[in-house]
Amino acid sequence: MTSIAESSTKLSSHFEGTAAITLAVLDSLARGWSIIPLQGKKPAKNHLPHGRWKLLQEKPLSFETAYKTFRKDPTLGLGIITGRVSGIVVLDIDPRRFENDENPLAGRYLPITPTERTPSGGEHRYFRLPEGMTLPKREILPGVELIGEGGYVATAPSPGYEWFEGLSPDEIDLAELPEWVVELATAGDASRRAGTTSAVRRYESDADSSKTTRVGQVNNIVTCPHGSQTDMVPEQGECSASSRKRAGATPLQRLEGTELLRWFDQRDVCMAVVEHLGLPTAGLETGRGKAFKCVLPGHTDCTKSGGGPSASLYVHPETGGILYRDWHAENGKEWYSLPEVAACLAYGKVIELNGPELATWALRLLVETGFISPAKVKAVDLPDDAPETVRKVYSGFLLLLACKWLHTPDVPSTFSWRFAAAWCGVDKDTAKRAMTWLLEKGYVRKVGEITASYGRKMGLFLPGTEAHVSSRADKPSRTNATKPTKATTRTKKRNIS
Ligand SMILES: [Zn+2]
């Protein structure tokens, strides 16, 4: 158990200590923007391929290289290359250079678009580069420069740069560049305006799909992470439960911690778990999922401020595993492994789990997504008149053993009311009443006790055998010994369901 416990903790430590700048790098790349490491406002030459940033106008840094670069030197600033490679242009507005303190933008149409504050007290406004167009880097009005082809901008969270509240590219999509800007930028230069179609085509074909995700056009990507298993390729692009079953999924007699960890390093496993938990998969093919409202229970901070997105999923550039990021870190924790998210959702609140319990939730996810087969658990079927809630708790208990027995076969398990409630999706009282029913009738038996670390005794349980159930059937119920059998059933039914 120790090794599983250790591994589970490692699950969530993937991104620990990752600086905000590194995250911004990953976010930018996921949007399809070519990024550039900066020292101050200048390209960080010793971190660039051949020391030349212009190469990044043709070929953006890969996710992996960028991640490693910024991890290695957290003092680097972040720049975004404008123009065709990123599909964006930026209006750099510097009030210090306005003529006679007059804002030349007054009265001109400027749609709402991602906007950041710059150290000069001005603004960067980010726009989509109109399709098929190449726009230069040019001052279009006094104090207003269009940064296009051949340029780059320093961006948040580089020192001195900060997105305006509600105006980060996580919160709103880039607007199309207004026509008047295009006119000013191309005035007296018809050839530029015509664009270079062949160059644009080239970018479209070798750029990844994030170029469209960037502007929020691809919201419903249907992906089946298991399509490669030829015997189970689903029809119509649908990802059925059975298709998730891996070829050769076998009961793992001793599932070691490192092995459990490896499962959650696999992209297809994580994708299946993300779907299983009902989290959005859109954008994950770019390394970072489309931002959404934090789903962690009780996170009022995450939802109250105007309803903008407050969470996203990240594919780890080195491992391929997927992690949940709570932007507000409302519980003092920014990164969650998928099993942690599953457990928090089940508990209805964010809780700290110890390693062994987290491992159990991780195993459950692997079993429920069909990646591993559950251990065999022998149990007696419930009678037809067993209350629905009893069925729920009983099947939950058996599922628990089927998961835990993958690493510790045939060992009895604790089943506290609190845990049972979360695990089975019922409330604590219901869990308690159902377990009392199951113990009384012999479907579950208590075989021992352990003392938990906080001093409380906890029962250890196993499924009952046919012999237990039939021996209990002869005895009258403890709590209703004096009442006739029929009434007993009715009373209990009412109590339980
Ligand atoms: Zn949250």
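This passage describes a four-stranded sheet, a nonpolar core and two helices in a predicted model. Local features are restricted to pLDDT of at least 70 and side-chain atom pairs to pLDDT 80 or more, whereas totals for chains, interfaces and linings use all residues of this predicted model. Residues are numbered from 1 along each chain as its sequence is written.

Four strands (DSSP runs of E, at least two residues, numbered from the N terminus, as are helices, which are runs of H or I of at least four residues) form an open antiparallel sheet in the order β2-β1-β3-β9. Because β2 (42-43) and β9 (152-155) stand at the edges with a single partner strand each, one side of each is left without a neighbour in the sheet. Strand β3 (residues 77-81) pairs with β9 in the antiparallel sense over four bridges, pairing being assigned where DSSP finds at least two bridges, and G79 stands opposite A154 in β9. Helix α2 (residues 20-30) lies across β1 (35-39) and β3, running at about 15° to β3, an angle taken on a scale from 0 to 180 degrees between the N-to-C directions of axes fitted to C-alpha atoms, for helices over the stretch in contact.

The largest nonpolar core (buried Ala, Val, Leu, Ile, Met, Phe, Trp, Tyr and Cys residues joined through C-beta atoms within 7 Å) has 110 residues, with V25 and L338 making the most contacts inside it. Its largest share, eight residues, comes from helix α13 (residues 388-404). Residues up to four places away in sequence aside, V25 touches I35, A66, Y67, F70 and L78, contact requiring C-beta atoms, placed from the backbone, within 7 Å.

In helix α9 (residues 267-276), the buried residues are V269, C270, M271, A272, V273 and V274, where buried denotes 20 or more other C-beta atoms within 10 Å of the residue's own. Just after α9, G278 takes a positive phi of about 75°.

Key:
A residue is buried if 20 or more other C-beta atoms lie within 10 Å of its own, exposed if 12 or fewer, and partly exposed in between; C-beta atoms are placed from the backbone. Two residues are in contact if their C-beta atoms, placed from the backbone, lie within 7 Å.
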